[in-house]
Amino acid sequence: MLTTVTTLTRPPTISLRPAAEAYDYEYFRSRLAEPALLADAVAVRVFRAPLLAVPVGGPRRGGYMSFDLLTLATAARCLLTDQPGFPDLRVRWSPYRDTCHTVEWGDPAPEWWEDDAVFGRFYGYSESAITSFVRARPQTPSSATSTPCSPTAS
């Protein structure tokens with residue numbers, strides 16, 4: 001049996017870049033309730049992939065970025081520390097191998113059981129972006145086949 005071990009010989013490259021260089025810049029610009037927040041946004045570049053970190057402000061109360069390596073998450077937190085609009089930076093470590101670590105900022109996110117519209121408003125998306133997302137989200141198989149009924153129906 002052939003096995004290989006992958007080790008990093010040098011630390012991963014992570015840096016801040018102008019927001020407009022982020023792969024997802026247009027995605028956020030078209031969906032935020034206040035696109036002016038992008039003036040203080042930055043692209044967090046891991047290796048060669050820059051992704052957008054959007055600051056809090058206006059209706060946007062919090063934000064996050066996901067990382068597969070804990071070292072990348074802690075490095076991103078350090079880079080964002082001096083940036084305006086990223087208060088209360090914290091790393092949320094994931095004990096599960098199939099779940100990413102996150103860097104979060106701003107207010108704590110809503111509880112997991114809240115609906116998508118609550119999350120959309122918390123992260124500062126426009127009402128039209130929230131409506132489009134909720135409308136496009138597929139139903140679960142159980143909800144697609146169930147029929148609503150009154151608790152008093154016989």
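User: Among contacts between residues at least 6 apart in sequence, what percentage join residues at least 24 apart?

Analyst: In this predicted model, 58% of the contacts between residues at least 6 apart in sequence join residues at least 24 apart. The protein has 154 residues, of which 31% count as buried.

User: How many helices and strands are there, and in what pattern do they follow along the sequence?

Analyst: The protein contains 5 helices and 6 strands. Read along the sequence, they give the pattern β-α-β-β-β-α-β-β-α-α-α.

User: Which strands form the open sheet, and in what order?

Analyst: The general idea comes before the case. Strands of a sheet pair through backbone hydrogen bonds, in either a parallel or an antiparallel manner. Here, 3 strands make up an open sheet in the order S4-S6-S5, with antiparallel pairing. S4 and S5 stand at the edges with a single partner strand each, so each has one side without a neighbour in the sheet. From one strand to the next, the twist averages 25 degrees. The pairing of S5 with S6 runs over 3 bridges in the antiparallel sense, and Arg92 stands opposite Thr102 in S6.

User: Which helix lies across these strands?

Analyst: Helix H2 lies across S4, S5 and S6, and runs at about 20 degrees to S6.

User: Which residues of the largest nonpolar core touch the most other members?

Analyst: The largest nonpolar core has 15 residues, and those that touch the most other members are Val44, Ala53, Phe67, Leu80, Phe86, Val103 and Trp105. Two or more residues come from each of strand S2 (42-46), strand S4 (62-67), H2 and S6. The element that gives the most is H2, with 4 residues. Leu80 serves as an example: leaving aside residues up to four places away in sequence, Leu80 touches Leu16, Val42, Val44, Ala53, Phe86, Leu89, Val103 and Trp105. There is also a second, separate core of 11 residues, which includes Ala22, Phe28, Ala43 and Val54.

User: How many aromatic pairs are found, and how is the pair of Phe28 and Tyr125 arranged?

Analyst: A search of the whole structure finds 6 aromatic pairs. Phe28 and Tyr125 form a stacked pair, with 6.3 Å from centre to centre and 20 degrees between the planes. This pair links distant parts of the chain: Phe28 belongs to helix H1 (residues 25-31), while Tyr125 lies in the loop between helix H3 (116-122) and helix H4 (127-136), 97 residues apart. Phe28 is buried, having a relative accessible area of 12%. Ring pairs also join Tyr27, Phe28 and Tyr125 into a cluster.

User: Why is the pair of Phe86 and Trp105 called edge-to-face?

Analyst: The ring planes of Phe86 and Trp105 stand at 65 degrees, with the centres 5.0 Å apart, so the pair counts as edge-to-face; the cut-off for that class is over 60 degrees. Phe86 sits in the loop between helix H2 (70-80) and strand S5 (90-92), and Trp105 in strand S6 (residues 101-106), 19 residues apart. Phe86 is buried at a relative accessible area of 5%, and Trp105 is buried at 0%.

User: Which elements have the lowest and the highest mean pLDDT?

Analyst: Where pLDDT is low, the predicted coordinates should not be read in detail. The average pLDDT of the protein is 85, and 81% of the residues score at least 70. Helix H5 (residues 141-145) has the lowest mean among the elements, 48, and H1 the highest, 97. Over residues 142-154 the pLDDT is below 50, and this stretch has 1 contact in the model beyond near neighbours in sequence.

Notes: Residues numbered from 1 in each chain as written. Predicted model: local features only at pLDDT ≥ 70, side-chain atom pairs only at ≥ 80, totals over all residues. Heavy atoms only, no water. Phe/Tyr/Trp six-rings, centres within 6.5 Å; stacked < 30°, edge-to-face > 60°. Buried < 20%, exposed > 50% of the residue type's maximum accessible area, 1.4 Å probe, protein only. Core = buried A, V, L, I, M, F, W, Y, C linked by side-chain atoms within 4.5 Å. Contact = heavy atoms within 4.5 Å. pLDDT = per-residue confidence, 0-100. Pairing = 2+ DSSP bridges. Axes fitted to C-alpha atoms, helices over the stretch in contact; angles between N-to-C directions.
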